[in-house]
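Dear colleague,

I am passing on the structure below, together with some notes on what turned up when I went through it. Please read them with the model open beside you.

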Amino acid sequence: MLGTPFIDLTGVVSSDRSEKGLLSMAFHPDYDDNGRFFVYYSGDPGDAHTSYVVEYSVSGDPDVADPGSAVEIITIAQPRSNHDGGHILFGPDGYLYIALGDGGGSGDPFENGQDLGTLLGSILRIDVDGGAPYEVPPDNPYVGKSGEDEIWISGVRNPWRVWFDDGSLYVADVGQQQREEVTVVPDDVGGLDFGWNTLEGSRCYDPASGCSSAGTTLPSLEYSHAAGCSITGGVVYRGSVTELDRWYLYADLCRTWVRAARFVDGDLVATKDLSSDLNAPGGAWSFGVDGTGEVYMLFGSSGRIYRFAEV
């Protein structure tokens, strides 16, 4: 264990006990050569309603970042204290993807999920190598059309979290009161609408509205709040446990279960429950993957990190 943190953001990151804080970190695909990495965080207590994506660089010491290298890539005003989303990661195309919640409040009161004129309620796709601080890829779906150019996918509520594997993008989206969902789509197809807040999962959010799912992309997997309350996605396993190879792992913040699912062309083909094997201490907050492909689970309430391994 290193005695000095790789980077200490205590002075800029919100420390309140809502859904804020340091939410994600992504290393540039060419990090070994350029030393660049990116963080997504909520502002400090005096600035807690703004989310930031900031670039940093490693220092001359490979175990310590340079705190003076910060470059703001994008800032997002948050109207409420929840639903910040907050996962960032690089796709196989080399672009940075930013998963944003709908801005908070029950039922998307600002109607951001279906508003292409705001970045909220969307997954963004930007090129951090093409300009300062970034450029919009020319093949993003709303370039030259009505809608924010950075948007890749719309209609999400609080994506926690997203993952790329073998040509697919996996999006776990936390529901409101009824449904939790995972949607698996081709990673090279933008302009999809996942339906929030017209839909919650595959169902009408407001049944009295008589909504239509036309034009939306429905979940590949969903479950009701009889089984949980807040999905924790999720990675496709590529580690050393052979029986989990290519299974998508996910959990729920309000339950102790951990599950795995297999998808083919976005369709669910098999599931299994891993709870008895893992003996998890409580609802998982997040998954992580190390440089060798091994998978870890973070349990924030207990402060424990578990690693998947053969027994």
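A residue is called buried here when its relative accessible area is under 20%, exposed when that area is over 50%, and partly exposed in between. By that scale Leu253 is partly exposed, because its relative accessible area is 39%. Please keep in mind throughout that this is a predicted model.

Leu253 is a useful place to begin, since it belongs to a nonpolar patch on the surface that also includes Trp285, Leu298 and Ile305, and the four residues together offer about 380 Å² of accessible area. Leu253 itself sits in the loop between β17 and β18, and these two strands are joined as a hairpin through five residues.

The strand before that loop, β17 (248–252), is mostly covered, with five of its five residues buried. The cover extends to both of its faces, with Tyr248, Tyr250 and Asp252 buried on one side and Leu249 and Ala251 buried on the other. As to its neighbours, β17 pairs with β16 in the antiparallel sense over five bridges, and within that pairing Asp252 of β17 is the bridge partner of Ile231. The pairing of β17 with β18 is likewise antiparallel, over four bridges, and there Leu249 stands opposite Ala260 of β18.

On the other side of β17 in the sequence, the loop between β16 (231–236) and β17 holds Glu243, which counts as partly exposed because its relative accessibility is 45%. Glu243 gathers with Asp273, Asp277 and Glu310 in a surface patch of negative charge.

There is also an open sheet of five strands, which follow the order β5-β6-β7-β8-β12 with mixed pairing. Its edge strands are β5 (87–90) and β12, each of which pairs on one side only. Inside this sheet, β7 (residues 122–126) and β8 (residues 151–154) run antiparallel and are joined by three bridges, one detail being that Leu124 has Ile151 as its bridge partner in β8.

Several points of backbone geometry deserve your attention when you inspect the model. Most residues other than glycine have a negative phi, and most peptide bonds are trans. Against that background, which peptide bonds should you look at? The bond joining Trp160 and Arg161 is cis, with omega about 5 degrees, and Arg161 is found in strand β9, which covers residues 159–165. The bond from Trp196 to Asn197 is also cis, with omega near 5 degrees, and Asn197 lies in the loop between β12 (192–193) and β13 (199–200).

Positive phi values occur at Asp166 and Asp265, neither of which is a glycine. For Asp166 the angle is near 50 degrees; this residue is found in the loop between β9 and β10 (168–173), and it counts as exposed because its relative accessible area is 63%. For Asp265 phi is about 55 degrees; its place is the loop between β18 (258–264) and β19 (267–273), and Asp265 is likewise exposed, with a relative accessible area of 75%.

I would be glad to hear your thoughts once you have looked through the model.

With best wishes

Key: Residues numbered from 1 in each chain as written. Predicted model: local features only at pLDDT ≥ 70, side-chain atom pairs only at ≥ 80, totals over all residues. Heavy atoms only, no water. Patch = residues over 30% accessible without salt bridge, like charges linked within 9 Å, V, L, I, M, F, W, Y side chains within 5 Å. Areas by Shrake-Rupley, 256 points an atom, 1.4 Å probe, with all protein chains shown as cover. Salt bridge = Lys/Arg side-chain N within 4 Å of Asp/Glu carboxyl O. Lys, Arg positive; Asp, Glu negative; His and termini not counted. Charge placed at Lys NZ, Arg CZ, Asp CG, Glu CD. Buried < 20%, exposed > 50% of the residue type's maximum accessible area, 1.4 Å probe, protein only. Pairing = 2+ DSSP bridges.
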